[in-house]
Amino acid sequence: MIDEIRRIQASSGSQIAQASTLDGLAEIERSLTGKGSELLGLKKGLGALSPDERRETGLVMNEASEAIKAAVAARRAELEAEAQLALAQAERLDLTEVRADRDAGHLHLVTQTIEELEDVFVGLGFHVAEGPEVEDDWHNFTALNFGQYHPARDMQDTFFVGLGGPRDVVMRTHTSPVQIRVMEGQQPPIYSVMPGRVYRNEATDATHLAVFHQLECLVIDRGITFAHLAGTIDRFTKAYFGPGWTSRLRPSYFPFTEPSAEFDIQRPDGTWLELGGCGMVHPNVLANCGIDPEEFSGFAFGFGLDRLASTRHGVTDLRELASTDIRFLEQF
Ligand code: FA5
């Protein structure tokens, strides 16, 4: 019997080594040590041996079982490592690799959109301005005619920064504070656009992000009317989306514009998308910035860039824009 056992052990090595898949290995393990295996059959015969023979044969039997178990475990580890390697090879992304047959990377869709819109507005005679993302209360709210306890402050859920007094410093909730910075820095005529990142303490979903982008437009000059506002919005809608797209204004409320409106754009299929807010700059805001409201008037609008870009490119969930998956990003 001992010879039999040794023969089985000796032949098991090559069988185990030949297993090329994890499933195949499990099959071989079953045939060597499972129910109906030769080894188990021999084990049943142990009881018929004399005590001395049984002890000796039992030892050899145990050795053989242990050796087979160890060989199977070693082969399993090898096969698992091979599978891991194959997966890693298949999903390999070498971000440092320069290959002529592969696009070397490009700007994110939102950045492309900002650059494209800047071009549109520069073509219409506008300047591009920027402001800080960490703002003080004056620029984000107070100078924009939000009274200290005005409920409109709650229209934009705010992240407060732990600097100064309890609510002195905020992550800007919109790009409108850049209007204030531009007007504080120069007298009219002002024709400026201000793209940038903004922050709101909101739950995210397919149409809302907590960190998103807006583009603000500000015009201050003599004799500026609501017709200039509507015309400018329609002009850029067509320049960005194409001639089949139109815009509409709906009455709304913002503390820093009077009258105020919300503007929507209409897709060629007839459906509407709410894009932003707008209105004639409130006289209090002009006065807060040292501009005489008797002499100058102006309009402002601000809209969501993430929604704009997603609409044009058929991205149905805004959260995808924050994705790091290169297969998503490569599409644009
Ligand atoms: C404002 O932020 C005003 N500052 C706009 C404005 C500027 C009015 C100048 C008048 C004059 P509102 O909170 O509605 O308004 O946001 C403007 C746009 O930003 C929205 O229409 C939408 O397109 C986008 N937006 C707002 N919240 C989110 C969000 N959580 N995720 C993605 N886009 C958003």
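This note goes through a predicted model, taking the domains, the ligand site and some backbone details in turn.

1. Overall layout. The chain is divided into two parts, with domain 1 running over residues 2-91 and domain 2 over residues 109-329. When the centres are taken over C-alpha atoms, domain 1 and domain 2 are separated by 71 Å, a figure worth keeping in mind when looking at the whole model.

2. The ligand and its pocket. The largest pocket is the space that the ligand takes up. Around the ligand there are 26 residues, and of these H174, S176, R200, L209 and L275 come nearest.

3. Make-up of the shell. Sorted by kind, the residues of the shell around the ligand comprise 9 that are nonpolar, 12 that are polar and 5 that are charged. Several elements contribute to this shell, since at least two residues are supplied by each of α7 (176-185), β6 (211-221), β9 (272-281) and β10 (297-304). Strand β9 gives the largest share, with 5 residues.

4. Polar contacts and burial. Two side chains approach nitrogen atoms of the ligand: a polar side-chain atom of H174 is 2.9 Å from one nitrogen atom, and a polar side-chain atom of E202 is 3.0 Å from a nitrogen atom. The backbone takes part as well, with a polar backbone atom of G304 lying 3.4 Å from an oxygen atom of the ligand. Taken alone, the ligand would expose 690 Å², and the protein buries 95% of that area. The size of an interface is often given in this way, as the accessible area lost when the parts come together.

5. Cis peptide bonds. Most peptide bonds are trans, and the following cases are therefore worth checking by eye. P188 and P189 are joined by a cis peptide bond with omega of about 5°, and P189 is found in the loop between α7 and β5 (190-199). Another cis peptide bond joins E258 and P259, where omega is about -5°; here P259 has its place in a strand, β8, which covers residues 257-266.

6. A positive phi. Most residues other than glycine have a negative phi. N145, which is not a glycine, has a positive phi, with a value near 75°. The residue N145 is placed in the loop between α6 (137-140) and β3 (160-161).

Methods:
Residues are numbered from 1 along each chain as its sequence is written. This is a predicted model: local features need pLDDT of at least 70, side-chain atom pairs count only at pLDDT 80 or more; totals for chains, interfaces and linings use all residues. Side-chain values use heavy atoms; hydrogens and water are left out. A residue is near a molecule or strand if one of its heavy atoms lies within 4 Å of it. A polar contact is a pair of N or O atoms within 3.5 Å; within protein, one must be able to donate a hydrogen and the other to accept it, and residues adjacent in sequence count only if both atoms are side-chain atoms. Accessible areas come from the Shrake-Rupley method with a 1.4 Å probe; for residues, only the protein chains shown count as cover. On a 1 Å grid over the protein atoms alone, a cavity is a set of points where a 1.4 Å probe fits but cannot get out, and a pocket is an open set with protein on both sides within 12 Å along at least five of seven lines; lining residues have an atom within 4 Å of a point. A molecule sits in a cavity or pocket if more than half of its atoms lie within 2 Å of its grid points. Helices (H or I, at least four residues) and strands (E, at least two) are DSSP runs, numbered from the N terminus. Ala, Val, Leu, Ile, Met, Phe, Trp, Tyr, Cys and Pro count as nonpolar, Asp, Glu, Lys and Arg as charged, and the others, Gly among them, as polar. Domain bounds come from an automatic or database domain assignment.
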